[in-house]
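Biologist: I'm new to this one, so could you walk me through it at an easy pace? Let's just go back and forth.

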Amino acid sequence: GVRSKAAADWLCEMGYHDILEVDGGFTLWASNPKLPARQGKEGATTFTTVSPQEAHDRIQGGGYAYVDVRTREEHDAGSVPGSVLIPAFDKGEGGMVPIPQQFTAEVQERFP
């Protein structure tokens, strides 16, 4: 989606590499019964878009983390087990507002 692509671009600008953006995001991941999903009570310059299955396989192989760039509310409603929540956008009066400085600072803190 738009948010994950923006977040991937920010990570690339920061110098992170081998960034994977999951095609269809959490929605498509959760729709695959073969992949785990938790449901709530209610130096590269590019990134690669991969299927949920490929993302799962790479995460299981080590060296990758699933960074959930959605809001806390979306994450709490359902998420990939073991995912790391680092919102890239915040809800504003006119819709979703990018928060690249907060996002990149938290990424640097969590993934030095």
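Biologist: Is tyrosine 66 buried or exposed?

Modeller: This is a predicted model, where local features need pLDDT of at least 70, side-chain atom pairs count only at pLDDT 80 or more, and totals for chains, interfaces and linings use all residues. Residues are numbered from 1 along each chain as its sequence is written, and side-chain values use heavy atoms, leaving out hydrogens and water. Buried means under 20% relative accessible area, exposed over 50% and partly exposed in between, with a 1.4 Å probe and protein chains only. Tyrosine 66 has 11% relative accessibility, so it counts as buried.

Biologist: How is the pair of tryptophan 29 and tyrosine 66 described?

Modeller: Rings of Phe, Tyr and Trp (its six-membered ring) pair if their centres lie within 6.5 Å; planes under 30 degrees apart count as stacked, over 60 as edge-to-face and the rest as tilted. Here the centres are 5.3 Å apart and the planes at 75°, so the pair of tryptophan 29 and tyrosine 66 is edge-to-face.

Biologist: And which kind of pair do tryptophan 10 and phenylalanine 103 make?

Modeller: Both partners are tucked away: tryptophan 10 is buried at 14%, and phenylalanine 103 is buried at 0%. A search of the whole structure finds 3 aromatic pairs. In this one the ring centres are 5.6 Å apart and the planes at 55°, so the pair is tilted.

Biologist: Which residues form one aromatic cluster?

Modeller: We've already met two of its members, Trp10 and Phe103. Add Phe89 and you have the cluster: Trp10, Phe89 and Phe103.

Biologist: Which element gives the largest share of the largest nonpolar core?

Modeller: A nonpolar core is a set of buried Ala, Val, Leu, Ile, Met, Phe, Trp, Tyr and Cys residues joined through side-chain atoms within 4.5 Å. The largest has 14 residues, and Ala7, Trp10, Ala88 and Phe103 have the most contacts inside it. Helices (H or I, at least four residues) and strands (E, at least two) are DSSP runs, numbered from the N terminus. Two or more residues come from each of α1 and α5, and the largest share, 6 residues, is from α1.

Biologist: Which residues does alanine 7 touch?

Modeller: Contact means heavy atoms within 4.5 Å. Leaving aside residues up to four places away in sequence, alanine 7 touches Val69, Ala88 and Phe103.

Biologist: How many residues are in the second, separate core?

Modeller: Tyr66 turns up again here, and the core also includes Val22, Ala55 and Val80. Its size is 8 residues.
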